[in-house]
Amino acid sequence: MPSARLPFLAIVARVMLVPYGVALALIVWLPATAASKVTDIVYRLAQFVSSRLDVSMTTTYTLFEFLANIALFVPLGLLLVAAFPRNSAWVVLLLGYATSATIELVQTVMPSRYPTLSDLIANTLGAAIGCLIARLFVRRHPPRSRRVPPLRESVDA
């Protein structure tokens, strides 16, 4: 029985999961002082919007941090669907949730990090959005039937 070839997109997506995972780990597990180079972008954007719209900085920062957490996990949903097109959306959502829960759990023991339920929700939502976007563009391969085809009947002459 010949082995099924993996589509090129699935290979690329599986390779891309590695640097994405490394970047994600660095962003969420570096000490706050080192990670502030990334999170400072969110703060500055929130500050800009707050001053222009005359909305409190607390409100805009909370909103932008939530949106940034969503954006951080959209690539995970995209890559998981592209890398494993036969998996259901529930598997992708579960993996997004499990990844986020692991991040938040590890942050409980880091002195400069604060785990939050809103991050867990935003991250899982980001993976779901990525999954939905990918499902619109990635052709899903149906699972192969495990049924054995019937044998041809021989005709006696």
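Q: What does an angle between two helix axes refer to here, and at what angle do α2 and α3 pack?
A: Axes are lines fitted to C-alpha atoms, for helices over the stretch in contact, and the angle runs from 0 to 180 degrees between N-to-C directions. In this predicted model, α2 and α3 pack at an angle of about 135 degrees, and their axes are 8 Å apart. That makes α2 oblique to α3, and the crossing of the two helices is right-handed.

Q: Which residues of α2 and α3 meet, and how do the residues of this contact divide by class?
A: From α2 come Val42, Tyr43, Leu45, Ala46, Gln47, Val49 and Ser50, which meet Met57, Thr60, Tyr61, Phe64, Glu65 and Ala68 of α3. The residues of this contact of α2 with α3 divide into 9 nonpolar, 3 polar and 1 charged.

Q: How should the packing of α3 and α4 be read, given an angle of about 140 degrees?
A: Angles over 145 degrees would count as roughly antiparallel, whereas α3 and α4 pack at about 140 degrees, with their axes 10 Å apart. That makes α3 oblique to α4, and α3 passes α4 in a right-handed crossing. On the α3 side the contact is made by Phe73, Leu76, Gly77, Leu80 and Val81, and on the α4 side by Val92, Leu95, Gly96, Thr99, Ser100 and Ile103. By class, the contact of α3 with α4 has 7 nonpolar, 4 polar and no charged residues.

Q: Where do the axes of α3 and α5 stand in relation to each other, in distance and in angle?
A: The axes of α3 and α5 come within 6 Å and cross at roughly 40 degrees. Angles under 35 degrees count as roughly parallel, and the crossing at roughly 40 degrees makes α3 oblique to α5. The handedness is again a matter of how one helix passes the other, and α3 passes α5 in a right-handed crossing. The contact of α3 with α5 comprises 14 nonpolar, 6 polar and 3 charged residues.

Q: How is empty space found, and what volume does the largest pocket have?
A: Rolling a probe the size of a water molecule over the atoms shows where empty space is left. In this model the largest pocket has a volume of about 620 Å³.

Q: Which residues lie nearest the centre of the largest pocket, and which helices supply its lining?
A: The largest pocket is lined by 27 residues, and Thr39, Tyr61, Glu65, Asn69 and Arg113 lie nearest its centre. At least two residues of the lining are supplied by each of α1 (8-29), α2 (32-53), α3 (57-83), α4 (89-107) and α5 (117-137). The lining divides into 16 nonpolar, 7 polar and 4 charged residues. Tyr61 and Glu65, which are among the residues nearest the centre of the pocket, are also among the α3 residues that meet α2.

Terms used: Residues are numbered from 1 along each chain as its sequence is written. This is a predicted model: local features need pLDDT of at least 70, side-chain atom pairs count only at pLDDT 80 or more; totals for chains, interfaces and linings use all residues. Side-chain values use heavy atoms; hydrogens and water are left out. On a 1 Å grid over the protein atoms alone, a cavity is a set of points where a 1.4 Å probe fits but cannot get out, and a pocket is an open set with protein on both sides within 12 Å along at least five of seven lines; lining residues have an atom within 4 Å of a point. Grid points are joined across faces, edges and corners, and a volume is the space filled by probe spheres set on the points. Helices (H or I, at least four residues) and strands (E, at least two) are DSSP runs, numbered from the N terminus. Ala, Val, Leu, Ile, Met, Phe, Trp, Tyr, Cys and Pro count as nonpolar, Asp, Glu, Lys and Arg as charged, and the others, Gly among them, as polar. Angles under 35 degrees count as roughly parallel, over 145 as roughly antiparallel, 65 to 115 as roughly perpendicular and the rest as oblique. A crossing is left-handed if the near helix is turned anticlockwise from the far one by less than a right angle, and right-handed if clockwise. Contact means heavy atoms within 4.5 Å.
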